[in-house]
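Trainee: Could you walk me through this structure slowly, since I am new to reading models?

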Amino acid sequence: MIEVVINGERRAVPVDTTLLELLGSLHVDPRVVVVEHNRQIVRRPELERARLSAGDAVELVHFVGGG
Amino acid sequence: MTVTADLARDVPFTIGGHTFQSRLFVGTGKYRSNEDMGRAIEASGADVVTVAVRRVPLDRGREDGILHYLDPKRFFLLANTAGCYTADDAIRYARLAREAGFNDFVKLEVIGDQETLLPDVAGLLEATRVLVRDGFKVLAYTNEDLVTALRLEEAGAAAVMPLASPIGSGLGLLNPFSVRTIKRRLKVPVVVDAGVGTASDACLTMEQGVDGILMNTALAAARDPAAMAHAMRLAVDAGRAAFLAGRMPRREVAVPSSPLEGMLD
(Lines give C-alpha, C1' and ligand atoms only; values in the text may rest on other atoms or scores of the structure.)
Protein backbone atom coordinates (compact mmCIF):
# COMPACT_ATOMS: atom_id res chain seq x y z
CA MET A 1 0.00 0.00 0.00
CA ILE A 2 1.04 3.60 -0.53
CA GLU A 3 -0.21 6.76 1.08
CA VAL A 4 -1.78 9.50 -1.04
CA VAL A 5 -3.79 12.62 -0.20
CA ILE A 6 -7.31 12.76 -1.65
CA ASN A 7 -9.32 15.94 -1.18
CA GLY A 8 -7.00 16.83 1.68
CA GLU A 9 -7.37 13.45 3.45
CA ARG A 10 -4.57 10.91 3.79
CA ARG A 11 -5.58 7.56 2.33
CA ALA A 12 -3.82 4.23 1.78
CA VAL A 13 -4.25 2.72 -1.69
CA PRO A 14 -2.68 -0.33 -3.40
CA VAL A 15 0.52 0.22 -5.39
CA ASP A 16 -0.12 1.10 -9.05
CA THR A 17 -3.73 2.11 -8.48
CA THR A 18 -5.06 4.05 -11.48
CA LEU A 19 -7.19 7.14 -11.04
CA LEU A 20 -10.13 5.31 -12.56
CA GLU A 21 -9.73 2.52 -9.97
CA LEU A 22 -9.49 5.12 -7.24
CA LEU A 23 -12.78 6.68 -8.33
CA GLY A 24 -14.38 3.23 -8.39
CA SER A 25 -13.19 2.46 -4.85
CA LEU A 26 -14.69 5.76 -3.68
CA HIS A 27 -17.98 5.13 -5.57
CA VAL A 28 -17.48 8.35 -7.52
CA ASP A 29 -18.88 8.44 -11.05
CA PRO A 30 -16.10 9.64 -13.40
CA ARG A 31 -18.69 11.44 -15.55
CA VAL A 32 -19.65 13.85 -12.79
CA VAL A 33 -16.24 14.81 -11.38
CA VAL A 34 -13.18 16.65 -12.54
CA VAL A 35 -9.90 15.13 -11.39
CA GLU A 36 -6.73 17.01 -10.57
CA HIS A 37 -3.60 14.91 -10.02
CA ASN A 38 -0.65 16.78 -8.48
CA ARG A 39 -2.18 20.06 -9.67
CA GLN A 40 -2.64 18.82 -13.25
CA ILE A 41 -6.13 18.26 -14.63
CA VAL A 42 -6.56 14.69 -15.89
CA ARG A 43 -9.07 14.29 -18.70
CA ARG A 44 -11.54 11.41 -18.53
CA PRO A 45 -9.90 9.18 -21.20
CA GLU A 46 -6.59 9.42 -19.32
CA LEU A 47 -7.99 8.30 -15.96
CA GLU A 48 -7.35 4.62 -16.67
CA ARG A 49 -3.71 5.28 -17.56
CA ALA A 50 -2.71 7.67 -14.76
CA ARG A 51 -1.27 5.77 -11.79
CA LEU A 52 -0.83 6.95 -8.23
CA SER A 53 2.57 7.20 -6.53
CA ALA A 54 3.28 7.64 -2.83
CA GLY A 55 2.64 11.20 -1.68
CA ASP A 56 0.51 12.17 -4.68
CA ALA A 57 -2.24 14.73 -4.18
CA VAL A 58 -5.59 14.17 -5.87
CA GLU A 59 -8.52 16.56 -5.93
CA LEU A 60 -11.98 15.42 -6.99
CA VAL A 61 -14.36 18.29 -7.57
CA HIS A 62 -17.88 18.80 -8.87
CA PHE A 63 -20.49 21.52 -9.14
CA VAL A 64 -22.45 22.53 -6.06
CA GLY A 65 -24.98 25.28 -5.43
CA GLY A 66 -23.47 28.74 -5.51
CA GLY A 67 -24.12 32.31 -6.50
CA MET B 1 -48.86 48.70 -25.31
CA THR B 2 -47.89 45.87 -23.01
CA VAL B 3 -44.51 45.47 -21.37
CA THR B 4 -44.08 42.26 -23.33
CA ALA B 5 -44.64 43.99 -26.65
CA ASP B 6 -42.12 46.67 -25.74
CA LEU B 7 -39.48 44.15 -24.66
CA ALA B 8 -39.99 42.15 -27.84
CA ARG B 9 -38.35 45.04 -29.71
CA ASP B 10 -35.40 45.07 -27.28
CA VAL B 11 -31.91 44.34 -28.57
CA PRO B 12 -30.77 40.73 -28.02
CA PHE B 13 -28.81 40.11 -24.86
CA THR B 14 -25.52 38.60 -25.97
CA ILE B 15 -22.36 37.84 -23.98
CA GLY B 16 -19.29 36.33 -25.59
CA GLY B 17 -21.24 35.38 -28.71
CA HIS B 18 -23.98 33.59 -26.76
CA THR B 19 -27.49 35.12 -26.76
CA PHE B 20 -29.61 34.72 -23.65
CA GLN B 21 -33.40 34.98 -23.40
CA SER B 22 -33.69 36.27 -19.85
CA ARG B 23 -31.88 39.26 -18.36
CA LEU B 24 -32.22 37.65 -14.94
CA PHE B 25 -29.42 35.26 -13.93
CA VAL B 26 -29.90 33.23 -10.76
CA GLY B 27 -27.61 31.45 -8.33
CA THR B 28 -28.17 28.01 -6.81
CA GLY B 29 -26.69 28.46 -3.31
CA LYS B 30 -28.30 28.48 0.13
CA TYR B 31 -31.76 27.15 -0.78
CA ARG B 32 -33.51 25.26 2.00
CA SER B 33 -33.97 22.34 -0.40
CA ASN B 34 -33.19 21.41 -3.99
CA GLU B 35 -36.94 21.32 -4.64
CA ASP B 36 -37.26 24.95 -3.46
CA MET B 37 -34.36 25.82 -5.76
CA GLY B 38 -35.94 24.11 -8.76
CA ARG B 39 -39.26 25.89 -8.27
CA ALA B 40 -37.55 29.27 -7.84
CA ILE B 41 -35.41 28.85 -10.97
CA GLU B 42 -38.49 27.83 -12.91
CA ALA B 43 -40.44 30.88 -11.72
CA SER B 44 -37.51 33.23 -12.45
CA GLY B 45 -37.50 32.36 -16.15
CA ALA B 46 -33.68 32.46 -16.04
CA ASP B 47 -31.63 30.56 -18.58
CA VAL B 48 -28.29 31.32 -16.91
CA VAL B 49 -27.76 29.55 -13.59
CA THR B 50 -24.57 29.86 -11.54
CA VAL B 51 -22.81 27.01 -9.77
CA ALA B 52 -19.69 26.71 -7.59
CA VAL B 53 -16.79 24.22 -7.75
CA ARG B 54 -16.11 22.23 -4.56
CA ARG B 55 -14.58 18.96 -3.41
CA VAL B 56 -16.70 15.83 -3.78
CA PRO B 57 -17.55 14.51 -0.29
CA LEU B 58 -15.75 11.19 0.27
CA ASP B 59 -17.27 8.17 2.00
CA ARG B 60 -20.78 9.52 2.00
CA GLY B 61 -22.01 7.06 -0.57
CA ARG B 62 -23.73 8.31 -3.68
CA GLU B 63 -25.10 11.79 -3.28
CA ASP B 64 -27.12 13.59 -5.87
CA GLY B 65 -25.05 16.48 -7.13
CA ILE B 66 -26.60 19.76 -8.21
CA LEU B 67 -26.76 18.53 -11.81
CA HIS B 68 -29.39 16.03 -10.71
CA TYR B 69 -31.69 19.03 -10.22
CA LEU B 70 -30.51 21.22 -13.11
CA ASP B 71 -30.70 19.95 -16.64
CA PRO B 72 -27.50 21.17 -18.34
CA LYS B 73 -29.27 20.95 -21.69
CA ARG B 74 -31.91 23.38 -20.53
CA PHE B 75 -29.87 25.81 -18.43
CA PHE B 76 -26.62 27.59 -19.20
CA LEU B 77 -24.35 26.63 -16.31
CA LEU B 78 -22.14 29.55 -15.34
CA ALA B 79 -19.42 28.36 -12.95
CA ASN B 80 -18.06 30.82 -10.43
CA THR B 81 -14.77 31.06 -8.55
CA ALA B 82 -16.46 32.00 -5.27
CA GLY B 83 -14.27 31.59 -2.24
CA CYS B 84 -11.01 32.33 -4.11
CA TYR B 85 -8.77 34.97 -2.54
CA THR B 86 -5.90 34.96 -5.06
CA ALA B 87 -5.65 35.16 -8.84
CA ASP B 88 -3.91 31.75 -8.89
CA ASP B 89 -6.73 30.06 -6.96
CA ALA B 90 -9.38 31.62 -9.17
CA ILE B 91 -7.53 30.49 -12.32
CA ARG B 92 -7.28 26.96 -10.92
CA TYR B 93 -11.00 26.82 -10.11
CA ALA B 94 -11.92 28.24 -13.51
CA ARG B 95 -9.90 25.56 -15.31
CA LEU B 96 -11.47 22.79 -13.22
CA ALA B 97 -14.92 24.19 -13.99
CA ARG B 98 -14.24 24.31 -17.72
CA GLU B 99 -13.09 20.69 -17.62
CA ALA B 100 -16.58 19.70 -16.53
CA GLY B 101 -17.32 20.25 -20.20
CA PHE B 102 -20.29 22.60 -20.39
CA ASN B 103 -18.86 25.89 -21.68
CA ASP B 104 -15.86 28.21 -21.45
CA PHE B 105 -17.62 30.95 -19.48
CA VAL B 106 -16.59 31.76 -15.92
CA LYS B 107 -17.99 34.18 -13.37
CA LEU B 108 -14.66 35.32 -12.00
CA GLU B 109 -14.49 36.29 -8.35
CA VAL B 110 -11.26 37.16 -6.58
CA ILE B 111 -12.24 38.21 -3.09
CA GLY B 112 -10.10 40.65 -1.13
CA ASP B 113 -11.81 40.95 2.25
CA GLN B 114 -13.58 38.34 4.35
CA GLU B 115 -16.02 40.64 6.11
CA THR B 116 -17.37 42.46 3.06
CA LEU B 117 -16.45 39.93 0.35
CA LEU B 118 -15.43 42.91 -1.76
CA PRO B 119 -13.23 42.07 -4.74
CA ASP B 120 -9.44 42.28 -4.89
CA VAL B 121 -9.26 44.30 -8.11
CA ALA B 122 -5.54 43.74 -8.68
CA GLY B 123 -6.00 39.97 -8.45
CA LEU B 124 -9.15 40.18 -10.55
CA LEU B 125 -7.38 42.00 -13.38
CA GLU B 126 -4.47 39.58 -13.30
CA ALA B 127 -6.76 36.52 -13.38
CA THR B 128 -8.87 38.09 -16.15
CA ARG B 129 -5.80 38.56 -18.38
CA VAL B 130 -4.62 34.97 -17.84
CA LEU B 131 -8.04 33.40 -18.38
CA VAL B 132 -8.82 35.48 -21.48
CA ARG B 133 -5.48 34.37 -22.97
CA ASP B 134 -6.53 30.81 -22.08
CA GLY B 135 -9.73 31.15 -24.15
CA PHE B 136 -12.24 31.81 -21.37
CA LYS B 137 -15.22 34.15 -21.61
CA VAL B 138 -14.71 36.02 -18.38
CA LEU B 139 -17.61 37.66 -16.54
CA ALA B 140 -15.77 39.65 -13.89
CA TYR B 141 -17.41 40.33 -10.52
CA THR B 142 -16.15 43.74 -9.45
CA ASN B 143 -17.05 46.74 -7.34
CA GLU B 144 -18.86 49.72 -8.79
CA ASP B 145 -15.66 51.54 -9.74
CA LEU B 146 -15.61 52.89 -13.30
CA VAL B 147 -11.84 52.73 -13.80
CA THR B 148 -11.63 49.10 -12.70
CA ALA B 149 -14.53 48.30 -15.04
CA LEU B 150 -12.70 49.98 -17.93
CA ARG B 151 -9.50 48.06 -17.15
CA LEU B 152 -11.42 44.77 -17.04
CA GLU B 153 -12.87 45.55 -20.46
CA GLU B 154 -9.39 46.34 -21.81
CA ALA B 155 -8.16 43.05 -20.32
CA GLY B 156 -10.71 41.22 -22.46
CA ALA B 157 -13.58 40.53 -20.07
CA ALA B 158 -16.70 39.39 -21.96
CA ALA B 159 -18.90 41.15 -19.40
CA VAL B 160 -18.35 43.23 -16.29
CA MET B 161 -20.40 42.54 -13.17
CA PRO B 162 -20.43 45.44 -10.74
CA LEU B 163 -22.08 44.85 -7.39
CA ALA B 164 -25.26 46.60 -6.26
CA SER B 165 -24.07 46.07 -2.66
CA PRO B 166 -22.07 43.33 -0.87
CA ILE B 167 -22.80 39.67 -1.62
CA GLY B 168 -25.72 38.35 0.40
CA SER B 169 -26.39 41.74 2.05
CA GLY B 170 -29.74 42.52 0.42
CA LEU B 171 -28.96 46.23 0.75
CA GLY B 172 -30.07 46.97 -2.79
CA LEU B 173 -28.49 49.35 -5.29
CA LEU B 174 -26.30 51.64 -3.19
CA ASN B 175 -24.75 53.64 -6.00
CA PRO B 176 -27.00 54.05 -9.02
CA PHE B 177 -24.79 56.82 -10.41
CA SER B 178 -21.68 54.61 -10.57
CA VAL B 179 -23.52 51.67 -12.09
CA ARG B 180 -25.13 53.95 -14.68
CA THR B 181 -21.76 55.48 -15.51
CA ILE B 182 -20.16 52.05 -15.94
CA LYS B 183 -22.95 51.02 -18.30
CA ARG B 184 -22.64 54.25 -20.29
CA ARG B 185 -18.87 53.92 -20.70
CA LEU B 186 -18.41 50.20 -21.41
CA LYS B 187 -18.96 48.45 -24.71
CA VAL B 188 -19.21 44.97 -23.19
CA PRO B 189 -22.39 43.96 -21.35
CA VAL B 190 -22.83 45.05 -17.74
CA VAL B 191 -24.63 42.61 -15.46
CA VAL B 192 -25.14 43.76 -11.89
CA ASP B 193 -24.20 40.98 -9.48
CA ALA B 194 -24.94 40.83 -5.75
CA GLY B 195 -26.85 42.87 -3.22
CA VAL B 196 -30.34 42.97 -4.69
CA GLY B 197 -32.81 42.23 -1.88
CA THR B 198 -36.30 42.65 -3.26
CA ALA B 199 -38.18 43.45 -6.45
CA SER B 200 -37.86 47.24 -6.23
CA ASP B 201 -34.06 46.85 -6.01
CA ALA B 202 -34.08 44.79 -9.22
CA CYS B 203 -36.35 47.27 -10.99
CA LEU B 204 -34.23 50.28 -9.94
CA THR B 205 -31.09 48.45 -11.07
CA MET B 206 -32.51 47.65 -14.51
CA GLU B 207 -33.71 51.26 -14.86
CA GLN B 208 -30.03 52.29 -14.88
CA GLY B 209 -29.79 50.67 -18.32
CA VAL B 210 -27.65 47.68 -17.35
CA ASP B 211 -27.96 44.53 -19.43
CA GLY B 212 -28.96 42.15 -16.67
CA ILE B 213 -28.88 41.15 -13.01
CA LEU B 214 -27.53 38.10 -11.19
CA MET B 215 -29.05 37.28 -7.83
CA ASN B 216 -29.00 34.39 -5.40
CA THR B 217 -29.74 35.17 -1.75
CA ALA B 218 -32.72 37.41 -2.56
CA LEU B 219 -34.47 34.29 -3.81
CA ALA B 220 -32.95 31.60 -1.59
CA ALA B 221 -33.55 33.54 1.66
CA ALA B 222 -37.05 34.77 0.78
CA ARG B 223 -39.87 33.20 2.79
CA ASP B 224 -41.25 31.89 -0.51
CA PRO B 225 -38.38 31.64 -3.02
CA ALA B 226 -40.55 30.79 -6.04
CA ALA B 227 -42.94 33.68 -5.36
CA MET B 228 -39.98 36.07 -4.98
CA ALA B 229 -38.47 34.71 -8.20
CA HIS B 230 -41.73 35.54 -9.97
CA ALA B 231 -41.66 39.07 -8.50
CA MET B 232 -38.05 39.49 -9.61
CA ARG B 233 -38.88 38.37 -13.12
CA LEU B 234 -41.60 41.02 -13.36
CA ALA B 235 -39.32 43.65 -11.77
CA VAL B 236 -36.48 42.98 -14.21
CA ASP B 237 -38.89 43.25 -17.15
CA ALA B 238 -40.50 46.40 -15.71
CA GLY B 239 -37.14 48.05 -15.05
CA ARG B 240 -35.88 47.19 -18.52
CA ALA B 241 -39.10 48.47 -20.13
CA ALA B 242 -38.90 51.71 -18.13
CA PHE B 243 -35.31 52.21 -19.22
CA LEU B 244 -36.23 51.64 -22.87
CA ALA B 245 -39.21 53.99 -22.49
CA GLY B 246 -36.94 56.81 -21.24
CA ARG B 247 -37.92 58.39 -17.95
CA MET B 248 -39.05 62.03 -17.64
CA PRO B 249 -36.49 64.56 -16.47
CA ARG B 250 -36.22 65.21 -12.75
CA ARG B 251 -37.21 68.73 -11.62
CA GLU B 252 -36.79 70.45 -8.29
CA VAL B 253 -40.07 72.39 -8.71
CA ALA B 254 -43.62 71.32 -9.44
CA VAL B 255 -45.06 71.60 -12.94
CA PRO B 256 -48.87 71.44 -13.09
CA SER B 257 -50.38 68.55 -15.00
CA SER B 258 -53.76 70.27 -15.48
CA PRO B 259 -54.33 73.35 -17.72
CA LEU B 260 -53.93 76.81 -16.17
CA GLU B 261 -56.47 78.21 -18.63
CA GLY B 262 -60.18 77.85 -18.09
CA MET B 263 -60.13 78.43 -14.36
CA LEU B 264 -63.22 80.13 -12.87
CA ASP B 265 -63.01 83.80 -11.79
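Mentor: We will start with how to read the model, then take chain B, and end with chain A and the contact.

Mentor: This is a predicted model, in which local features need pLDDT of at least 70 and side-chain atom pairs count only at pLDDT 80 or more, while totals for chains, interfaces and linings use all residues. Residues are numbered from 1 along each chain as its sequence is written, and chains are lettered from A and ligands numbered from 1 in the order in which they are written.

Trainee: How many helices and strands does chain B have?

Mentor: Chain B has nine helices and 10 strands, where helices (H or I, at least four residues) and strands (E, at least two) are DSSP runs numbered from the N terminus. The radius of gyration of chain B is 20 Å, close to the 18 Å that the globule rule gives for 265 residues, so chain B is as compact as a globular protein of that length. That radius is taken over C-alpha atoms, and the rule is 2.2 Å times the number of residues to the power 0.38.

Trainee: And what share of chain B counts as buried?

Mentor: Of its 265 residues, 43% count as buried, meaning that 20 or more other C-beta atoms, placed from the backbone, lie within 10 Å of the residue's own (12 or fewer would make it exposed, and in between it is partly exposed).

Trainee: Why is β7(B) described as largely enclosed?

Mentor: Strand β7 covers residues 137-142 of chain B, and five of its six residues are buried, so the rest of the structure largely encloses it. On one side, β6(B) (residues 105-108) pairs with β7(B) in the parallel sense over four bridges, with B:V106 opposite B:V138; two strands pair if DSSP finds at least two bridges between them. β7(B) also pairs in the parallel sense with β8(B) (residues 159-162), over four bridges, and there B:L139 has B:A159 as its bridge partner.

Trainee: Which helix lies between β7(B) and β8(B) along the chain?

Mentor: The chain crosses through helix α5(B), residues 146-154, and this β-α-β crossover is right-handed. β6(B), helix α4(B) (residues 121-133) and β7(B) also make a right-handed β-α-β unit. Right-handed means that, with the strands pointing away from the viewer, the path from the first strand over the helix to the second runs clockwise.

Trainee: New topic: what happens after α3(B)?

Mentor: α3(B) is followed by B:G101, whose phi is positive, near 95 degrees. Within the helix, which spans residues 87-99, the buried residues include B:A87, B:I91 and B:A94.

Trainee: Now chain A: how do β1(A) and β2(A) pair?

Mentor: Strands β1(A) (residues 2-6) and β2(A) (residues 9-13) pair in the antiparallel sense over five bridges, with A:V13 as the bridge partner of A:I2. Their hairpin has two residues between the strands, and A:N7 takes a positive phi near 45 degrees there. β1(A) also pairs with β5(A), in the parallel sense over two bridges.

Trainee: So how many residues does each chain give to the contact?

Mentor: Chain A gives 20 residues and chain B gives 28, where two residues are in contact if their C-beta atoms, placed from the backbone, lie within 7 Å. The largest share of chain A's side, seven residues, comes from β5(A).

Trainee: What does β5(A) pair with across the chains?

Mentor: β5(A) pairs with β4(B) (residues 48-55) in the antiparallel sense over five bridges, and A:H62 stands opposite B:R54.

Key:
Expected span 1.5 Å × (residues − 1).
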